[in-house]
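Got the model open in your viewer? Let's walk through it together, one question at a time.

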Amino acid sequence: CALPILSPWLPVRTRKGRGKVEMAAVLLFILAALQVILNGASASAAVQITPDNYVQLKDSKVVVLIDFYADWCRFSQQLRPIFEKAADELKELGQENVVLGLVDCEAHKQFCQDSPFHISKYPTLKLIRHGLVSRKEYRGRRATDALVEFVQKQLVNPVTHLSSYSELPKDIKRVVVGYFKENTSVEYETFVKVAANMGDNCPFYVLIGPERDNTVGFKEDIQMVDARYDGDVTAFPNLMQWLNKRCIPMVREITFENGEELTEEGLPFLILFYDPDQPEIKQTFQHKVEEELMDQRDTINCVTADGLKFAHPLQHLQKTRDDLPLLAIDSFRHMFVFPSLNDMHIPGKLKQFVQDLHSGKLHREFHNGPEHAGDHHGHQAPQEHHQGGGHHQGGGGGGHDGGIPDVPPDSTFKKLQPAKSRYSFAERDEL
């Protein structure tokens, strides 16, 4: 509600009443200032999001872009007016299916830190399409026009319409094809929603006609026969899950070419360093990941890395080719080595390793020793390798004696992470 504008300067008619009149003047001046603040806050189309209104907002809009901020962060302060202006421009453009929202992570720390957000730096811009949080953050220019363009792009139909099957491109991999009787059906609308969330990973095509059977097919290779989805095509979560397993492999190979792209997803790496002359361990790793970590894919990126091509990160761990295969987590602040690769075959061990990262247990155990010394599996505290700068002092270390350097060098992967020139980090004290 707007406060009435009143003049804070009242005439002083008597010495006796002067103090009261001056006090009234001060109070009215404060009320006038509050009016300016409140009117300014209410003028923006950006919505303040809390745990209480989050679900309603994300489920009622096609696109939700959220700025997770902290008032003490200067980058958050710089982005705020830009973000609010973008919200205003989108409103003026009549984009009723869009919300630009703000979350105060100082007031709602747990909400920001928990799944599905896992906010660790400010400001972080998360995209939600049709109720699902995107794996990728917005990392583009922090400018009003760039934000408006990005949001408008999310509203474009991500499905390519074909008039015949022969129009499918011949040189692409992992293709999703929808076969629908008409483009006004619930099945087609669900397909478009899925494409909006999966289109960055698989191209989506559709064939419309009365002879179609309202089904969805997936092609690993364009020359292969469709793998048909046999569930209810109108069940959005189920179709998403089915395609998620196919469009996004649970385990991916990291290379120097795609390393930056994988890092931009903002998730820690669970890395299997392998010897290229003994690649069969990759299949074992993939099997264990699919067995235990399917429900963790929004919290960790599972990758395999050629231990010879990525010899430099191994040296930072004081490991050599003789130590391969080697399993480690790189959180982009610290590295933790899985104590024994054989433990990967113990049910639940791999999943616990990932969960211990997010709970902070790996860090605590590194400093304080195992929290459960009586673990019947003989669990050892993971080795932690700090990535806080400096140079390795001494010889190569080899890694066989389990020694941990006092001042280890920066991580190779960390160099691809968000820069301190653009972000403030949630943990203001280095761990």
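What follows is a set of questions and answers about sheets, helices, cavities and a few odd spots in the backbone.

Q: Before we start, what kind of model is this, and how are residues numbered?
A: Residues count from 1 along each chain as its sequence is written, side-chain values use heavy atoms with hydrogens and water left out, and local features need pLDDT of at least 70, side-chain atom pairs pLDDT 80 or more, while totals for chains, interfaces and linings use all residues. As for the kind of model, it is predicted.

Q: Which strands stand at the edges of the sheet E7-E9-E8-E10-E11?
A: Strands here are DSSP runs of E with at least two residues, helices are runs of H or I with at least four, and both are numbered from the N terminus. Two strands pair if DSSP finds at least two bridges between them. Five strands make this open, mixed sheet. Two of them have a single partner strand each, so one side of each is left without a neighbour in the sheet: E7 (159-162) and E11 (227-228).

Q: Which residue of E11 stands opposite Phe218?
A: Strands of a sheet pair through backbone hydrogen bonds, either parallel or antiparallel. E10 (residues 215-221) and E11 go for the antiparallel sense, over two bridges. Opposite Phe218 you'll find Ala227.

Q: At about what angle does helix H7 run to E10?
A: Axes are lines fitted to C-alpha atoms (for helices, over the stretch in contact), and angles between N-to-C directions run from 0 to 180 degrees. Helix H7 (residues 236-247) lies across E8, E9, E10 and E11. Its angle to E10 is about 10°.

Q: Which residue in E3 is the bridge partner of Val47?
A: Head over to the other open sheet, with the order E1-E3-E2-E5-E6 and mixed pairing. Its edge strands are E1 (47-48) and E6 (132-137), each pairing on one side only. E1 runs parallel to E3 (residues 98-104), joined by two bridges. The partner of Val47 is Gly101.

Q: How are H9 and H11 oriented to each other, roughly parallel or roughly perpendicular?
A: Two packed helices are described by the angle between their axes and the distance between the axes. H9 (residues 281-292) and H11 (residues 349-359) pack at about 70°, with axes 9 Å apart. Angles under 35 degrees count as roughly parallel, over 145 as roughly antiparallel, 65 to 115 as roughly perpendicular and the rest as oblique. H9 and H11 are therefore roughly perpendicular.

Q: Which residues of H11 make the contact with H9?
A: Contact means heavy atoms within 4.5 Å. On the H9 side, the contact is made by Lys288, Val289 and Glu292. From H11 come Lys349, Leu350 and Lys351.

Q: What is the volume of the largest cavity?
A: On a 1 Å grid over the protein atoms alone, a cavity is a set of points where a 1.4 Å probe fits but cannot get out, and lining residues have an atom within 4 Å of a point. Grid points are joined across faces, edges and corners, and a volume is the space filled by probe spheres set on the points. The lining of the largest cavity includes Arg135, Met250 and Cys302. Its volume is about 50 Å³.

Q: Where does Pro116 sit?
A: Pro116 is joined to Ser115 by a cis peptide bond, with omega about 10°. His118, with a positive phi near 55°, lies between H4 and E4. Pro116 has its place in the loop between H4 (109-113) and E4 (121-122).

Definitions and conventions
On a 1 Å grid over the protein atoms alone, a cavity is a set of points where a 1.4 Å probe fits but cannot get out, and a pocket is an open set with protein on both sides within 12 Å along at least five of seven lines; lining residues have an atom within 4 Å of a point.
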